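Q: Please take a close look at the salt bridges. Then place them in their wider setting.

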Amino acid sequence: RILDCQNHTCMKECHKVTKIDGCTGKNKAGPECLHCEEGCSKSRPLGCLHPCILPCHPGECPPCVQMLRIKCHCKITSLYVECRKITTADVNEKNLLSCCKNQCPKELPCGHRCKEMCHPGECPFNCNQKVKLRCPCKRIKKELQCNKVRENQVSIECDTMCKEMKRKASEIKEAEAKAAFEEEKRRQQAELEAFENRLKGRRKKNRKRDEVAVELSLWQKHKYYLLSVCGAVVVVFAWYITHDVN
């Protein structure tokens, strides 16, 4: 006889079964039959790894309400979802269940952060973030969409005012360079004159030193006069001695 679980039969030896509520079915178990004490052994839904929480029972198993811990598409946030929702969801529903509802943290090739919500797969490369673009002289500034700038769809050129300012700046730069050159030239001339003056002063000192070195002594300057005086003195002395003797 089939037990109430509708999955197993009574394992007792042949025995009498009392009729219940006028039921005369010979295949239905009665109060004298065994009661099934086994667990549910029915196959689980695809993807579900949790056993049924009921004992052996007839009909379908109740939906699995065990909480699964999964990672979002960003691989940063942990999400908790009922098992039955994951196992019965299609591709789009699974993508929604795995979304953490935060902005995607991935970086686009242009360097900006993806503006889409947490999503699977590659980020859509359609960056609409505003970027600053300047003309070649950096005077004109505009904010444009990143994807248009990246694809070289727009550019900013210098206007007539930019060109005039560039011309004036060039003239000022040339004037400053010329003034610096003249100042350097005057400085070098002053240094040359100072050097020549110092050189002349050294020559004068050397000439005076040479003159002092070759200056004649007193005897060299007046030797002729001194010889004459000495000769005269000798003659007078000799004459004096001669007269004293006589």
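A: Buried means under 20% relative accessible area, exposed means over 50%, and partly exposed lies in between (1.4 Å probe, protein chains only). E164 is partly exposed, with a relative accessible area of 33%. This is a predicted model, in which local features need pLDDT of at least 70, side-chain atom pairs count only at pLDDT 80 or more, and totals for chains, interfaces and linings use all residues. Residues are numbered from 1 along each chain as its sequence is written, and side-chain values use heavy atoms, with hydrogens and water left out.

A salt bridge here is a side-chain nitrogen of Lys or Arg within 4 Å of a carboxyl oxygen of Asp or Glu. Seven pairs pass this rule. One of them joins R167 to E164, at 2.4 Å from N to O. Both residues sit in helix α4, three residues apart, or about one turn. Helices (H or I, at least four residues) and strands (E, at least two) are DSSP runs, numbered from the N terminus. R167 is partly exposed at 39% relative accessible area.

R167 has another partner. E171 bridges to R167, with the closest N and O atoms 2.5 Å apart. These two also lie in α4, four residues apart, again about one turn of the helix. Shared partners thus link E164, R167 and E171 into one network. E171 counts as partly exposed because its relative accessibility is 42%.

Another salt bridge connects R139 and D159, 2.7 Å from N to O. R139 lies in the loop between β3 and β4, and D159 in the loop between α3 (146-150) and α4 (160-213), so the pair ties together parts 20 residues apart in sequence. R139 is partly exposed at 32% relative accessibility. D159 is partly exposed at 29%.

The R139 loop belongs to a hairpin. Strands β3 and β4 (residues 141-145) pair antiparallel over five bridges; pairing requires at least two DSSP bridges between strands. Six residues separate the two strands, and K138 in the turn has a positive phi of about 70°. V131 stands opposite L144 in β4. Side chains in a regular strand alternate between the two faces of the sheet. In β3 (residues 130-134), V131 and L133 make the covered face, while K130, K132 and R134 make the uncovered one.

Another hairpin comes from β1 (residues 67-71) and β2 (residues 78-82), which run antiparallel and are joined by five bridges. I70 faces L79 in β2. Six residues lie between these strands, and K75 takes a positive phi near 65°.

Now the whole chain. It has five helices and four strands, in the order β-β-α-α-β-β-α-α-α from the N terminus. Of its 246 residues, 17% count as buried. Mean pLDDT, the predictor's confidence in each residue from 0 to 100, is 82 for the chain, and 87% of the residues score at least 70. Among the elements, helix α5 (residues 218-245) has the lowest mean pLDDT (70), and β2 the highest (93).

F237 lies in α5. F237 counts as exposed because its relative accessibility is 52%.

Finally, the record. An unreviewed UniProt entry places "domain: NF-X1-type" at residues 48-66 and 110-129. Residues 48-66 are 0% helix and 0% strand, with end C-alpha atoms 9 Å apart. For residues 110-129, the ends lie 10 Å apart, and the span is also 0% helix and 0% strand. UniProt positions follow the numbering used here, feature names are shortened, and annotations may be inferred rather than shown by experiment.
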